[in-house]
Amino acid sequence: MTRRAIGRALILGAALTTLSISLSAQRTVTRSIYVSAVDVAGAPVVNLTNADFRITEDGAQREVTRATLLNGPMRIVLLVDSSTPVGPMLNNFRTALNGFIDELPEEEEVAFVSSGGQIRVRTQPGTDRVKLRTEVAHFAAEGGANAFLDTMLEADKRFLKTAGPGQWPAFVIVTTDRGENIREPNLKDYNNFMQDFLMRGGAAHAVIIAGKNVGSVTDMVANLVDNVGGTRHSIVADSNLPARLREIANRLADDHQRMMRRYQVSYAGDPKMLQPTVNVSSSRDGVQLQMSVRRPF
């Protein structure tokens with residue numbers, strides 16, 4: 001498959017991911033929206049329950065299955081390329097990763113994984129910054145190709161899908177791309193992941209250190225980050241990496257702060273409706289709602 005063909009396939013994936021997953025074997029599918037609730041004075045209302053929300057899809061009433069205040073820590077997978085091209089860049093990689101840790105609020109959970117040849121889990125999700133910095137100090141290129149897609153899918157399954165209620169799943173990606181990956185990516189697996197990640201309201205931000213030629217890694221990262229409205233930097237010199245990662249850490253902190261007094265409201269949707277019109281209201285007097293299908297808003 002040529003890179004142009006891959007790009008078209010991923011663009012199709014981007015279109016598909018704006019739709020809801022349709023599973024004919026299921027009677028319902030869980031969907032989520034994000035809701036801001038304030039009282040008549042404009043103060044946040046933070047004690048709403050499932051029973052306080054009413055949701056319709058194309059006018060049909062839907063069952064609210066969970067209403068969770070988004071005040072839990074973020075669950076962040078820090079996915080860093082450790083393939084052969086990273087070797088000459090180690091000093092700037094380590095400086096950048098430590099700068100990211102400096103700027104990120106301490107309560108956010110981080111799992112540190114690398115993608116040289118295959119996934120390597122350097123830290124499990126947690127808030128232990130000492131352990132995280134120790135692994136950054138030990139970070140080195142492991143050689144081989146950049147197993148980006150396999151690493152991302154495995155990390156999502158192990159760490160982000162298992163995040164607790166009220167936690168916001170996020171990828172922070174640092175990768176090289178010199179167009180050397182001759183293995184064709186499994187676009188079916190990628191698009192299935194992308195659909196599901198959007199349904200979970202995931203976030204993604206990335207820095208790509210690009211060579212003269214780029215390939216499928218850039219296509220996939222761009223597709224993922226752009227679909228979720230994240231920050232994406234493509235740089236040539238790795239000396240720019242520390243500033244870009246600090247910027248991403250600050251973006252995560254700001255976005256999370258905006259969402260901490262808002263709700264994720266899940267409901268049982270009709271899988272046959274691909275792009276339903278969703279409306280939300282509250283049964284509690286004096287509560288005013290604003291809704292988004294994405295976060296932050």
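## A largely enclosed helix and its surroundings

Of the 13 residues of helix 6, 12 are buried, so this helix is largely enclosed by the rest of the structure; buried means under 20% relative accessible area, exposed means over 50%, and partly exposed lies in between, with a 1.4 Å probe and protein chains only. Helices (H or I, at least four residues) and strands (E, at least two) are DSSP runs, numbered from the N terminus. This is a predicted model, in which local features need pLDDT of at least 70 and side-chain atom pairs count only at pLDDT 80 or more, while totals for chains, interfaces and linings use all residues. Residues are numbered from 1 along each chain as its sequence is written, and side-chain values use heavy atoms, with hydrogens and water left out.

The predictor's confidence in each residue is its pLDDT, from 0 to 100. The protein chain has an average pLDDT of 90, and 90% of the residues score at least 70. Over residues 1–25, however, pLDDT stays under 50, and for this stretch the model has 48 contacts beyond four places in sequence, where contact means heavy atoms within 4.5 Å.

### Helices 6 and 2

Among the buried residues of helix 6 are Ser 216, Asp 219, Met 220, Leu 224 and Val 228. The expected span of a helix is 1.5 Å times one less than its number of residues. For helix 6 (residues 216–228) this gives 18 Å, and the end C-alpha atoms are 19 Å apart, which agrees. Gly 229 follows helix 6 and has a positive phi, near 75 degrees.

In helix 2, which has 14 residues, the expected span is 20 Å and the end C-alpha atoms are 20 Å apart, which again agrees. Its buried residues are Leu 90, Phe 93, Ala 96, Leu 97, Gly 99, Phe 100 and Ile 101, and they pack against several elements, including strand 5, strand 6 (109–114), helix 3 (129–138) and strand 8 (169–177).

Met 89 lies in the loop between strand 5 (75–80) and helix 2 (90–103). Met 89 counts as buried because its relative accessible area is 8%, and, not counting residues up to four places away in sequence, Met 89 touches Thr 176, Arg 178, Ile 209 and Asp 238. The C-alpha atoms of Met 89 and Pro 169, which are 80 residues apart along the chain, are separated by 28 Å.

### Two cavities

The structure holds 2 cavities of 30 Å³ or more. On a 1 Å grid over the protein atoms alone, a cavity is a set of points where a 1.4 Å probe fits but cannot get out, and lining residues have an atom within 4 Å of a point. Grid points are joined across faces, edges and corners, and a volume is the space filled by probe spheres set on the points. For the classes in the table, Ala, Val, Leu, Ile, Met, Phe, Trp, Tyr, Cys and Pro count as nonpolar, Asp, Glu, Lys and Arg as charged, and the others, Gly among them, as polar.

| Cavity | Volume | Lining by class |
|---|---|---|
| Largest cavity | about 50 Å³ | 4 nonpolar, 2 polar and 2 charged residues |
| Second largest cavity | about 40 Å³ | 5 nonpolar, 4 polar and 3 charged residues |

The lining of the largest cavity includes Tyr 34, Leu 198, Gly 202, Val 228 and Arg 295. Gly 202, Val 228 and Arg 295 are also among the residues that line the second largest cavity, as are Trp 168, His 205, Asp 255 and Pro 296. The elements that give two or more residues to this second lining are strand 9 (203–210) and helix 7 (241–259), and strand 9 provides its largest share, 3 residues.

Pro 296 lies in the segment after strand 13 (288–292), and the peptide bond from Arg 295 to Pro 296 is cis, with omega near 0 degrees.

### Residues in and beside strands

His 233 belongs to strand 10 (residues 232–235) and counts as buried at 14% relative accessibility. Leaving out residues up to four places away in sequence, His 233 touches Ala 206, Val 207, Ile 208, Arg 244, Glu 247 and Ile 248.

Thr 56, in strand 2 (residues 53–57), is buried at 19% relative accessibility. Beyond its neighbours within four places in sequence, Thr 56 is in contact with Gln 61, Thr 277, Val 278 and Asn 279. Asp 58 lies in the loop between strand 2 and strand 3 (60–62), and at 47% relative accessibility Asp 58 counts as partly exposed. Although Asp 58 is not a glycine, its phi is positive, about 50 degrees.

Technical notes. On a 1 Å grid over the protein atoms alone, a cavity is a set of points where a 1.4 Å probe fits but cannot get out, and a pocket is an open set with protein on both sides within 12 Å along at least five of seven lines; lining residues have an atom within 4 Å of a point.
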